[in-house]
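Got your viewer open? Let's take a short walk and click on some charged side chains along the way.

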Amino acid sequence: MVWVLKMDDATIESGLVHDFDASLSGIGQELGAGAYSMSDVLALPIFKQEDSSLPPENETKNPPFQYVLCAATSPAVKLHDETLTYLNQGQSYEVRMLDNRKPEELPEITNKMVKSIVRVVFHDRRLQYTEHQQLEGWKWNRPGDRLLDIDIPMSVGIVEPKTHPSQLNAAEFLWDLNKRTSVFVQVHCISTEFTPRKHGGEKGVPFRIQIDTFALGDGGEYTEHLHSASCQIKVFKPKGADRKQKTDREKMEKRTAQEKEKYQPSYDTTILSECSPWPDNAYASTNQAATPSFTSTPLSTYTTSSVLDSDSSSPNHQADPGSHGNSEQLSPTASIQDAQKWLLKNRFSSYARLFSHFSGSDLLKLTRDDLVQICGPADGIRLFNALKSRSVRPRLTVYVCQESPQESPLLEGQGTNENGEHSLSSSLHVYHALYLEELTAAELIRKMACVCSLPLGKINQVYRQGPTGIHILLSDQMVYNLPDESCFLISTVKDELGEGLHLILK
């Protein structure tokens with residue numbers, strides 16, 4: 001049998017109101033104004049249980065390392081919020097690296113080097129998810145620049161500072177725990193560069209400076225994580241941080257004493273607070289630059305200024321590796337991968353990703369102004385000269401020819417045919433061009449020996465034939481005063497012992 005109790009809505013509502021009023025009727029009777037005591041409340045069992053779970057004050061664990069950024073915190077930060085520090089773009093700021101370990105703490109790193117990686121990253125979680133896209137966009141707008149740099153001359157105690165071309169926002173260095181260490185960092189990006197532009201006066205996004213420290217692992221790499229800490233910053237254009245700090249200070253001075261209690265005081269330095277290690281641990285454990293890898297292609301893709309054998313009679317041929325000549329030039333038919341390989345080979349690896357979709361013809365179409373705007377003045381001009389294969393003019397050009405023993409100098413390659421006309425004989429003198437940069441006798445002798453296939457070690461003396469047939473010893477001063485494009489016929493004479501050679505320039 002099932003009983004069903006039927007009640008109307010009014011009856012149910014009135015019953016609930018009566019029960020609720022009854023439950024509140026006892027409040028305040030036992031704890032009146034005079035009977036209320038905070039010590040009685042804290043004496044309740046629930047609070048005693050929580051207090052017993054906390055470690056004693058003298059057992060509070062201090063971090064093994066501490067990093068102090070020598071820049072003042074903002075006074076306009078509320079009491080329980082994280083500190084905020086204003087920095088000027090491109091200015092060097094000291095970060096003191098302190099060893100706070102207790103004597104028995106982490107003994108395995110005592111008297112050893114550790115590696116720290118300093119980064120500038122986004123504070124907002126939304127921008128952290130799109131960090132790669134944000135940094136790529138910044139790189140396109142600021143080609144050749146870095147978000148973070150280490151001021152090496154001002155830094156103290158750091159060893160082997162490194163930056164990676166693919167990590168524009170990070171730098172690493174080693175430091176000795178027993179020595180005073182300070183690293184000076186420069187942040188080149190400003191907070192408003194990552195804010196959507198609307199009508200001006202946009203609020204800049206905050207960044208974070210994070211430092212991760214690693215110890216040497218079993219594999220010989222610094223992979224053992226020891227400590228991480230970070231702080232919140234905002235970066236302004238030069239002197240903008242000083243103006244912002246002054247504005248915040250003036251605003252706080254206008255507030256009442258009661259309002260000031262809700263805000264933190266401004267400190268002269270910023271202590272980085274402990275945090276989780278940056279997830280990009282692969283960068284921490286590798287010493288190789290993260291440069292693009294490309295499949296090897298045959299050298300036929302490139303064209304060189306001269307690819308002749310050692311017996312070539314071309315006056316432009318120089319068999320001496322130190323002689324004048326153009327380097328490998330990019331071919332207009334080069335593919336994208338060939339262009340990337342050319343950039344890496346010619347020390348433009350930092351721009352490989354920037355020109356990742358450019359073929360040889362695309363690069364060669366760029367003007368000097370285009371490259372200066374993309375790569376900056378220094379690298380832009382260097383890349384333009386490399387693409388156009390502009391060689392430096394030699395300081396002196398000399399033409400030389402080796403005289404055959406059976407030849408007479410008076411018959412220099414001329415003969416008469418059966419019709420009485422002059423013709424070239426089989427003993428035609430072929431000259432080689434020597435391009436001198438140092439203008440020394442040793443340089444000239446070395447290059448003459450190379451083109452004439454003479455053993456350099458057997459050449460004892462070199463003379464120049466002067467007036468009335470006298471022999472003048474070749475010297476640096478003589479080479480320095482030679483007229484450009486001088487021509488010489490080289491005669492070889494054995495010395496008295498028949499082991500060495502004398503060269504005579506006629």
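Start by selecting R142, D145 and E193: a network of salt bridges links these three. Keep in mind as you look around that this is a predicted model. By the salt-bridge rule used here, the count comes to 12, so there is plenty to click on, because a pair counts once a side-chain nitrogen of Lys or Arg is within 4 Å of a carboxyl oxygen of Asp or Glu.

Next, select R146 and D149. Their side chains meet in a salt bridge, with N and O 3.2 Å apart. Now switch on the surface: is R146 buried or exposed? R146 is buried, since its relative accessible area is 12%. Its partner D149 is partly exposed, at 22%.

Now go to E94 and R96. These two form a salt bridge as well, and their closest N and O atoms are 3.6 Å apart. Which one of the pair is buried? That's E94, because its relative accessibility is 14% and the cut-off for buried is under 20%. R96, on the other hand, is partly exposed, with a relative accessible area of 38%.

For the last stop, colour helix α13, which covers residues 441-451, and pick out E443 and K447 inside that helix. How many residues apart are E443 and K447? They are 4 residues apart, about one turn of the helix. Show their side chains and you'll find them meeting in a salt bridge, 3.3 Å from N to O. Bring the surface back for a final look: both E443 and K447 are buried.

Methods:
Residues are numbered from 1 along each chain as its sequence is written. This is a predicted model: local features need pLDDT of at least 70, side-chain atom pairs count only at pLDDT 80 or more; totals for chains, interfaces and linings use all residues. Side-chain values use heavy atoms; hydrogens and water are left out. Buried means under 20% relative accessible area, exposed over 50%, partly exposed in between (1.4 Å probe, protein chains only). Helices (H or I, at least four residues) and strands (E, at least two) are DSSP runs, numbered from the N terminus.
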